[in-house]
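Trainee: I am new to this structure and would like to look closely at a single part of it. Could you start from one side chain and then work outward to its surroundings?

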Amino acid sequence: MKRRDVLRTLVFFGVGSLINPAHIWMSCSPKVDRDIMDEGQIVLLGEIAETILPRHKGLPGAKDARVAQFIDQHITDCYTGQERLDLIQCIITIDETAKARFKKSFVRLGAKQRFELLQAFDRAAKANKDKENIAYTNYSKLRSLIVFGFFTSEPGMKKCLRYAAIPGKYSGQIAYKKGDKIWEFN
Amino acid sequence: MVNLNIKGKKDNTYDAIVIGSGISGGWAAKEFCDKGLRTLVLERGKNVVHVQDYTTAMKSPWEFPNRGKLPLKIKEDNPILSRCYAYGEDTKDLFSDDKNHPYLQDKPFDWIRSYQVGGKSLTWARQTQRWSTYDFEGPLRDGYAVDWPIRYEDLAPWYSYVERFAGISGNKDGLDTLPDGEFLQPWEMNVVEKSIQQRIMSHYKDRNVIIGRCAHLTKPDAIHLQQGRSQCMARRLCRRGCPFGAYFSSNASTLPWAARTGNLTIRPDAVVHSIIYDEETGRATGVRIIDRLTKEATEYFAHVIFVNASALNSNQILLNSTSSRFPNGLGNDNGLLGKYVAFHNYLGTISAKIDGFQDSYYYGRRPTSIVMPNFRNVHKQETDFLRGYMVFYSAKRGGWTRTVEGEQLGSDYKEALSEPGDWSVFMMMQGETIPKEQSKVHLSKDQTDQWGIPLLRIDVDYDDNDTKMRDDFFSEGTAMLEKAGCRDIKTRDRKQNPGLDIHEMGGVRMGKDPKTSLLNGFNQMHECPNVFVTDGACMTSTSTQNPSLTFMALTARAVDHAVKEMKKGNL
């Protein structure tokens, strides 16, 4: 993680936020030496995923869909070692930022604090055009992967989308009103 | 050195041999068997039994370890195949891996193979359009390749013949550029596609916009039910193999039909080495194969041989069929075998957004798109490039991978993704490319595959005509989408290698003159009349249509001719 990226985090948290960039830099970089997630990281990823796609209005969330467990297996099959390191570095960075900002690890934060923290990452990712800016580029990738893992899961697809394994026919025009579900396919 | 195992010649003798079981080979087998000929189909790949071997067909996304994405190891082992849109975790077993099927690229060429019973008829895109008068007249009018030995009128009844059996959905549009066929009920357009259709057609009087014609049973006829096939369920998981037999494939249609006559023998795992030529009779007598697994050589014999191995494989087999009469490949007196290969220009795509239509959606997954038959240089030369292109487009509402307004997290985000987004449009070209002498395939002089067959070298590239055509598509496509009310119109060059279109054609072209072509007007080799080539290899030019329907019609017509000639004692 580059120092200026951390500074950007600081900017997004706004005046008065107490983050020590040096602390994040020092703490997160050395930790990423394994390209396989450990149990703690899978739990952390599960909480990050749940913050992005929470259980809501009786519909399943990322934890119900076991998104973190899917990602753990999926990146083993489909990612390069470097891509795995980047992803793990990203979730560690989120955790380290939580510690710097709130003096607690991410999993021990309340819902509001989790949201606020990931909101900062989300905004930074959205504003960022710098491909070398690993943390934020990777945050977007992480979020896309979480969305993919959730909406292709059985609970995500069946409960949160309009799922028809066998539509039986095609109709080019059906009425749509706000609130009607999206098809499961893209 | 392999052992030559010649069983009793009688045991290995048939009336007809068909090399390849894909879309054209399946048709050859069906026609021969229907006409009472004992027919052997040689297929280099594994057997694939209809329904039973479609192992992924009924799976939901979450039942795949990687939800459809390919593991890294498979991608690394298959750098060429991994570029193919149809190759995924759910379809990988229906494609032939790069590692075991090497070839040489004089210029970058992505050669996509599906070696199995049924071939690429299992994984094809199933779009089926007839050629028109203008397409067959193209080479003569514009002075490229050679004149086709046939015209639309020669093929029209055979188009009808294969369409009725295969089951083609479409609308009778009455266009001279894309003649009507024997159609089952057409698919519908969605509201945005219709709006674009109306706006383009009202602005451009010479341009037509129609629903795609495809080999899907929208409303099966008796002949389709008789084949054991049933109505399309709009799943659009076609390339895993269809358990309903709803799209046309050799496996669902022609091969089981041929088998029911009792005249069919299919020999899977039979890698064809060469066609055996008899100097005395001036005829081919049989086919030499190498067993895919045991590497044992066997010879099979027949009165007539159909070569349907798929375009470039058919070239490879003929080039490797050498004798003292034909030292450069079977029937290759003029040295043109392997030359004048062409393909389809897929370089250009355009994406756009369109506002409104928020109260409309669609139900199910349609297996075709909207089609604009070629409108360039149709009646006379009008542009600075030769020939033209077909345009495809489709419109859809944004899916759950999109970026939504506001923050990309939390319950609002999740809810927003659970509803469809705004409409967008995707447009692409399918352009004719010009067959040229320098666009060729030939055999390696020093490298062979594991079956001892010389590796195929492919020397095919784009030229100026292709990039000019792409640029024309970019400007015309953009203008049409503007007229249709789209915004944020973006052109993109796919920069894909030739071959990835999977529409490679030519090398054993048809023509009137033995000096400038390999096959006559009935796909019969000028110099070896009991050998016929009716797959993509026979194509004199490519036009803009998806080619498979034309291969089917040419095949049925050629078998009809071959059997008539046999009855006359000419073969």
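Trainee: What is the relative accessible area of K35(B)?

Mentor: In this model, which is predicted rather than determined by experiment, K35(B) has a relative accessible area of 31% and is therefore partly exposed, since that class lies between the limits of 20% and 50%. The side chain of K35(B) has a partner, D560(B), with which it forms a salt bridge whose closest N and O atoms are 3.4 Å apart. When you trace the two residues along chain B, you find K35(B) in the loop between helix 1 (23-34) and strand 2 (39-42), whereas D560(B) belongs to helix 11 (residues 548-567), so that the pair links parts of the chain that are 525 residues apart. The two partners also differ in their surroundings, because D560(B), with a relative accessible area of 15%, is buried, whereas K35(B) is partly exposed. Elsewhere in chain B, salt bridges that share partners bring D206(B), R207(B), R376(B), D472(B) and E476(B) together in one network.

As background, side chains of opposite charge can pair when their charged atoms come close. A search over all chains of this structure finds 54 salt bridges, and two further examples from chain A may help you to read the pair in chain B. One of them joins K63(A) to E47(A), with 2.8 Å from N to O; K63(A) sits in the loop between helix 3 (39-52) and helix 4 (67-78), and E47(A) sits in helix 3, 16 residues away in the sequence. In this pair K63(A) is partly exposed at 43% relative accessible area, while E47(A) is buried at 12%. The other example joins E116(A) to R101(A), with 3.0 Å from N to O, and because E116(A) lies in helix 6 (residues 111-127) while R101(A) lies in helix 5 (residues 81-102), this pair ties together parts of chain A that are 15 residues apart in sequence. Here both ends count as partly exposed, E116(A) at 26% relative accessibility and R101(A) at 22%.

E47(A) also leads to the packing of helices in chain A. Together with I48(A), T51(A) and I52(A), all from helix 3, E47(A) takes part in the meeting with R114(A), F115(A) and L118(A) of helix 6. Two packed helices are described by the angle between their axes and the distance between the axes. For helix 3 and helix 6 of chain A the angle is about 85 degrees and the axes are 10 Å apart, and the two helices are therefore roughly perpendicular to each other. Chain A as a whole holds 8 helices and 1 strand, and the order from the N terminus is α-α-α-α-α-α-α-α-β. Of its 186 residues, 53% count as buried, and among the contacts between residues at least 6 apart in sequence, 62% join residues at least 24 apart.

Returning to chain B, you can compare the partly exposed K35(B) with I19(B), which is found in strand 1 (residues 13-19) and counts as buried at 2% relative accessibility. Leaving aside residues up to four places away in sequence, I19(B) touches a set of residues that includes L42(B), V272(B), I275(B), V287(B) and I317(B). By contrast, I19(B) and E76(B) are 57 residues apart in sequence and 31 Å apart from C-alpha to C-alpha. Further along chain B, strand 18 (residues 440-448) and strand 19 (residues 454-459) run antiparallel and are joined by 5 bridges, with V441(B) standing opposite I458(B). The hairpin of these strands has 5 residues between them, and within the hairpin G452(B) takes a positive phi near 80 degrees.

One last point concerns the cysteines, for a search of the whole structure finds 0 disulfides. In chain B, the sulfur of C538(B) has its closest cysteine sulfur in C528(B), 17 Å away, which is too far for a bond. C538(B) counts as buried at 0% relative accessibility, and C90(A) is likewise buried, with a relative accessible area of 1%.

Terms used. Residues are numbered from 1 along each chain as its sequence is written. Chains are lettered from A and ligands numbered from 1 in the order in which they are written. This is a predicted model: local features need pLDDT of at least 70, side-chain atom pairs count only at pLDDT 80 or more; totals for chains, interfaces and linings use all residues. Side-chain values use heavy atoms; hydrogens and water are left out. A disulfide is a pair of cysteine sulfur atoms within 2.5 Å. Buried means under 20% relative accessible area, exposed over 50%, partly exposed in between (1.4 Å probe, protein chains only). A salt bridge is a side-chain nitrogen of Lys or Arg within 4 Å of a carboxyl oxygen of Asp or Glu. Helices (H or I, at least four residues) and strands (E, at least two) are DSSP runs, numbered from the N terminus. Two strands pair if DSSP finds at least two bridges between them. Axes are lines fitted to C-alpha atoms, for helices over the stretch in contact, and angles run from 0 to 180 degrees between N-to-C directions. Angles under 35 degrees count as roughly parallel, over 145 as roughly antiparallel, 65 to 115 as roughly perpendicular and the rest as oblique. Contact means heavy atoms within 4.5 Å.
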